[in-house]
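Thank you all for coming. Before I begin, please take a moment to look over the sequence and the structure on the screen.

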Amino acid sequence: MSWKQSEATGGCVMPLSVLSLMLVVFSFTTGEFVIAGILPEVAADLSVSISEAGLLVTAYAMGMIVGGPVVTALTARFARKPLLLGLIVVSVAGNLGSFVAPSYALLLASRFLAGLVVATFFAAAITTVVGMATAGREASMVAKLTLGMNLGMILGTPIGTFIGQHFDWRATFLAIALSSAAALLLVWRALPARSAQPPTGTTATASVFGELRVFARRDVQLAIALTVLGNVGVVTVFTFIAPLLTEVSGFAGEAVPVLLLVYGVGAVAGNFLGGWLSDRAQMPSLAGMLAALAGSLTLFWLIGHIGSVAAVLTFLVGALAFAIIPGMQTRVLATATSAPTLAIAVNASAFQVAAAFASWLGGRVINTAPGGLHTLPLVGALLTLTGLAVALHSLRRDRRRELLPA
């Protein structure tokens, strides 16, 4: 049996090499979201306002937005295993810098540095695990990797927040650095060098501009648009999920962490279900899941004021929000075969731009739209329908190609 055959297992078995990369994704995701839980402690210690401390979230996101295309293009010809290890080292340095930063400015720079390598790592990790997968199980393998995102949100972020609130906010970043360092050792031990070569289409003579030509392809443009438009609606709602649950659905503030856990459990279930469905019928399943997501958000708008219904819809929205991710990632890979890592990295950067827009848009809706906060799920549903339109258009293009004579 070859190495690839032994690694590309089906079902729920996770190869150690994939587990090691998933743990890095867990650490990176925790680092992205945990700052929201320790903002008051950071602001008080560094004598800045909460709004200024909030820019630390923006700095991390800007690192991802800038680093996605730039770092990936500059490292396109690197062998994968050294690249992955180097990216983790940079992240560890960024989190250690956050741990020791004596000033707000240096903390801001450290957060930017930590975010700078995330999109490139995510892209390189996805192309690596897809290379391990047996034919027809690529999305399921991506789902195993993106489980790290789910766990980072539902476990890593609350644990990091607890550390920051009960010990010191700096200890949170030290914990993330140590977690990333441990994952680095596991990647170094578990990932064979032959599993992580530069992607197909990347040669020693390839140029950055040559790699960028992949974005002239209509299918690649549609795949990235699908990620942006398919996610922006649910991100708009999730950004303000706490006030939605308390002010619209009538839950006490103490219930919000439990309901976020419900959302997270749904996300884990949806992640694996989405991978399984996408392996069997990628674009039809994506279109169906986006339609279901739009419907769920619409139901939240219509009857989300009923507490028991809101709890069920919280689970359902979490499941559908993460069910669409594996298929979207593998769609980008399928359409960008000459520069898959760069395309995935730009896709991740585009998602961050969409997330930033979602935060702004949600605030505008709450402050100016009739119904305010109550209207937010409807807006999210309408935005999701634009993603559905892109999915249906892409599906029609695929079917037209299938009908062309060979």
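I will go from the whole chain to a few single residues, and then to an internal cavity.

Please keep in mind throughout that what we are looking at is a predicted model.

Let me begin with the overall fold, where the secondary structure of the protein chain comes to 17 helices and zero strands. The radius of gyration is 21 Å, close to the 22 Å that the globule rule gives for 406 residues, so the chain is as compact as a globular protein of that length. If you prefer to think in terms of extents, the C-alpha trace spans about 55 × 50 × 40 Å along its principal axes. Of the 406 residues in the chain, 54% are buried, and when we take the contacts with a separation of 6 or more, 84% of them are accounted for by residues 24 or more positions apart.

With that in mind, let us turn to helix α5, which covers residues 80–100, and consider two of its residues, Leu 84 and Ser 98.

Leu 84 has a relative accessible area of 0%, and so it is buried. Which residues is Leu 84 in contact with, once we leave aside its neighbours within four places in sequence? They are Leu 21, Phe 121, Ala 124, Ala 125, Thr 128 and Leu 191. Leu 191, to take one of these, is 107 residues from Leu 84 in sequence, while the C-alpha atoms of the two are 10.0 Å apart in space.

Ser 98, in the same helix as I said, is buried as well, because its relative accessible area is 0%, which is under the 20% cut-off. What does the side chain of Ser 98 make a polar contact with? Its partner is the side chain of Arg 111, at 3.0 Å, and in addition a polar atom of the Ser 98 side chain lies 3.0 Å from the backbone oxygen of Gly 94. Leaving aside neighbours within four places in sequence, Ser 98 is in contact with Leu 107, Ser 110, Arg 111, Trp 169, Arg 170 and Phe 173.

A further buried residue is Thr 236, which is found in helix α11 and has a relative accessibility of 0%. Again setting aside neighbours within four places in sequence, Thr 236 is in contact with Ala 358, Gly 362, Leu 376 and Leu 383.

Helix α11 also brings us to the cavities, of which there are three with a volume of 30 Å³ or more. The second largest has a volume of about 50 Å³, and α11 (218–239), α14 (282–303) and α15 (307–335) each supply at least two residues of its lining. The lining consists of Val 234, Val 237, Phe 238, Ile 241, Tyr 263, Leu 297, Phe 300, Leu 313, Thr 314 and Val 317, and, sorted by class, these are nine nonpolar, one polar and no charged residues.

Finally, I would like to point out a residue in a loop, namely Ser 47, which is placed between α3 (39–46) and α4 (50–74). Is Ser 47 buried or exposed? At 66% relative accessibility, Ser 47 counts as exposed. Its backbone deserves a look too, since Ser 47 has a positive phi of about 60 degrees although it is not a glycine.

That is where I will stop, and I am happy to take questions.

Notes: Residues numbered from 1 in each chain as written. Predicted model: local features only at pLDDT ≥ 70, side-chain atom pairs only at ≥ 80, totals over all residues. Heavy atoms only, no water. 1 Å grid on protein atoms, 1.4 Å probe; cavity = no way out; pocket = protein on both sides within 12 Å on 5 of 7 lines; lining within 4 Å. Points joined across faces, edges and corners; volume = space filled by probe spheres on them. Helix = DSSP H or I, 4+ residues; strand = E, 2+ residues; numbered from the N terminus. Nonpolar A, V, L, I, M, F, W, Y, C, P; charged D, E, K, R; others polar. Buried < 20%, exposed > 50% of the residue type's maximum accessible area, 1.4 Å probe, protein only. Polar contact = N/O pair within 3.5 Å; in protein donor to acceptor, adjacent residues only side chain to side chain. Contact = heavy atoms within 4.5 Å. Rg over C-alpha atoms; globule rule 2.2 N^0.38 Å.
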